[in-house]
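Let's take a friendly walk through a protein model, looking at its charges and its rings. Have the sequence and the 3D view ready as you read.

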Amino acid sequence: MLHNQRIVIIGGSSGIGLETAKKAVVLGAQVIIASRSEEKLYKAKELLGSQAQVYVLDTTEEDEVQTFFKKVGSYEHLVVSAAETSGGSFLQSETKQARNLFENKFWGQYHAAKYGAHTLSPNGSITLFSGVVGYKPTVGSAALGAVNAAISNFGQTLALELAPIRVNIVSPGIIDTPARSKMTEEARNQFYEKVGSKLPVQRVGLAEDVAQSVLYLIQNSFVTGTVLHVDGGHRLT
Ligand SMILES: NC(=O)c1ccc[n+]([C@@H]2O[C@H](COP(=O)([O-])OP(=O)(O)OC[C@H]3O[C@@H](n4cnc5c(N)ncnc54)[C@H](OP(=O)(O)O)[C@@H]3O)[C@@H](O)[C@H]2O)c1
């Protein structure tokens with residue numbers, strides 16, 4: 001149980017982060033969720049109730065991240081699911097797009113771990129987010145694959161450097177979350193059907209599948225430096 005534990009979830013206003021926050025609240029935790037959009041945060045707060053606090057935060061802004069953790073004070077666990085990702089042909093994409101991807105998903109998590117570690121309980125944990133294309137090179141995902149691989153190595157190194165704080169990495173496969181809300185519903189369903197039918201588990205993932213794994217990493221005090229693949233076997237296909 002997580003009674004009276006304070007869990008910071010950056011990216012907790014949507015998808016996997018929001019689902020993790022919901023489960024943590026059921027287990028008795030106080031959750032502090034942060035992301036850029038006030039609107040998304042207040043919708044999430046309505047769902048989560050009085051055990052949730054919300055903060056507007058952009059992880060790409062180093063000073064903002066530092067100030068955020070000063071305001072939060074001491075807490076037990078940090079989860080950083082915040083990311084905005086993109087893909088496209090390596091030769092045809094602008095270099096700027098790849099830089100933005102690193103800025104958001106790599107440097108965002110770097111800032112969060114760096115400033116979040118100071119006030120984190122020594123018995124606590126950090127959970128970072130990689131992703132399947134870091135392990136299964138995929139056409140159109142050169143930069144995202146590189147970011148994901150970098151995050152896994154970064155997190156494992158922190159497991160040594162920040163010990164006894166535990167640091168783990170979750171690597172989701174294709175998960176049905178609002179991350180693909182820019183696609184039409186039809187295109188999204190076709191994509192999920194196509195990907196899901198090729199996986200050993202015969203379906204794409206749900207935010208809940210990954211949230212369960214985050215809660216496991218938070219609660220198991222013997223697990224650190226682990227990359228937990230929650231991808232329905234995608235890496236093996
Ligand atoms: N869904 C998948 O298929 C999949 C696959 C592999 C890996 N992953 C990884 O899993 C993690 C969670 O993804 P998801 O599918 O749950 O995504 P999501 O539903 O789009 O949620 C992402 C969250 O991050 C926040 N965010 C984005 N950029 C931010 C920034 N710079 N500062 C603060 N907050 C920021 C968003 O809120 P605001 O817009 O309000 O900032 C939102 O709350 C990500 O690391 C993603 O790369 C997902």
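What follows covers salt bridges, aromatic pairs and a charged patch.

This is a predicted model, in which local features need pLDDT of at least 70 and side-chain atom pairs count only at pLDDT 80 or more, while totals for chains, interfaces and linings use all residues. Residues are numbered from 1 along each chain as its sequence is written, and side-chain values use heavy atoms, with hydrogens and water left out.

**Salt bridges**

How many salt bridges does the structure hold? There are 6 salt bridges, where a salt bridge is a side-chain nitrogen of Lys or Arg within 4 Å of a carboxyl oxygen of Asp or Glu. Three of them are listed here.

| Salt bridge | Closest N to O |
|---|---|
| Glutamate 208 and lysine 23 | 3.4 Å |
| Glutamate 84 and arginine 36 | 2.8 Å |
| Arginine 235 and aspartate 231 | 3.0 Å |

Start with the bridge between glutamate 208 and lysine 23. Glutamate 208 lies in helix α7 (residues 207–219) and lysine 23 in helix α1 (residues 15–26), so this pair ties together parts that are 185 residues apart in sequence. Helices (H or I, at least four residues) and strands (E, at least two) are DSSP runs, numbered from the N terminus.

The bridge of glutamate 84 and arginine 36 also links distant parts of the chain, 48 residues apart. Glutamate 84 sits in the loop between β4 (75–80) and α4, and arginine 36 in the loop between β2 (30–35) and α2 (38–48).

Are these side chains buried or exposed? Buried means under 20% relative accessible area, exposed over 50%, and partly exposed in between (1.4 Å probe, protein chains only). Glutamate 208 is partly exposed at 35%, and lysine 23 is partly exposed at 21%. Glutamate 84 is partly exposed at 43%, and arginine 36 is partly exposed at 43%. Arginine 235 is partly exposed at 31%, whereas its partner aspartate 231 is buried at 7%.

**Aromatic rings**

A pair of aromatic rings is described by the distance of the centres and the angle of the planes. Rings of Phe, Tyr and Trp (its six-membered ring) pair if their centres lie within 6.5 Å; planes under 30 degrees apart count as stacked, over 60 as edge-to-face and the rest as tilted. By this rule there are 9 aromatic pairs. One of them joins phenylalanine 68 and phenylalanine 69, edge-to-face, at 4.9 Å centre to centre with 70° between the planes. Phenylalanine 68 is buried at 3% relative accessible area, and phenylalanine 69 is buried at 2%.

Tyrosine 110 and phenylalanine 154 form a stacked pair, 5.5 Å centre to centre and 20° between the planes. This pair links distant parts of the chain, with tyrosine 110 in helix α4 (residues 95–116) and phenylalanine 154 in helix α5 (residues 142–161), 44 residues apart. Tyrosine 110 is partly exposed at 26%, while phenylalanine 154 is buried at 14%.

You can also look for one aromatic cluster, formed by Tyr55, Phe68, Phe69 and Tyr75.

**A negative patch**

Finally, turn to the surface. Glu61, Glu62, Asp63, Glu64 and Glu103 gather there in a patch of negative charge. Patches are made of residues with over 30% relative accessible area and no salt bridge, with like charges joined within 9 Å and nonpolar side chains (Val, Leu, Ile, Met, Phe, Trp, Tyr) within 5 Å. Helix α3 (residues 62–72) gives the largest share of the patch, 3 residues. Glutamate 61 is found in the loop between β3 (52–56) and α3, and is partly exposed at 42%.

Terms used: Accessible areas come from the Shrake-Rupley method with a 1.4 Å probe; for residues, only the protein chains shown count as cover. Lys and Arg count as positive and Asp and Glu as negative; His and the chain ends are not counted. The place of a charge is taken as NZ of Lys, CZ of Arg, CG of Asp or CD of Glu.
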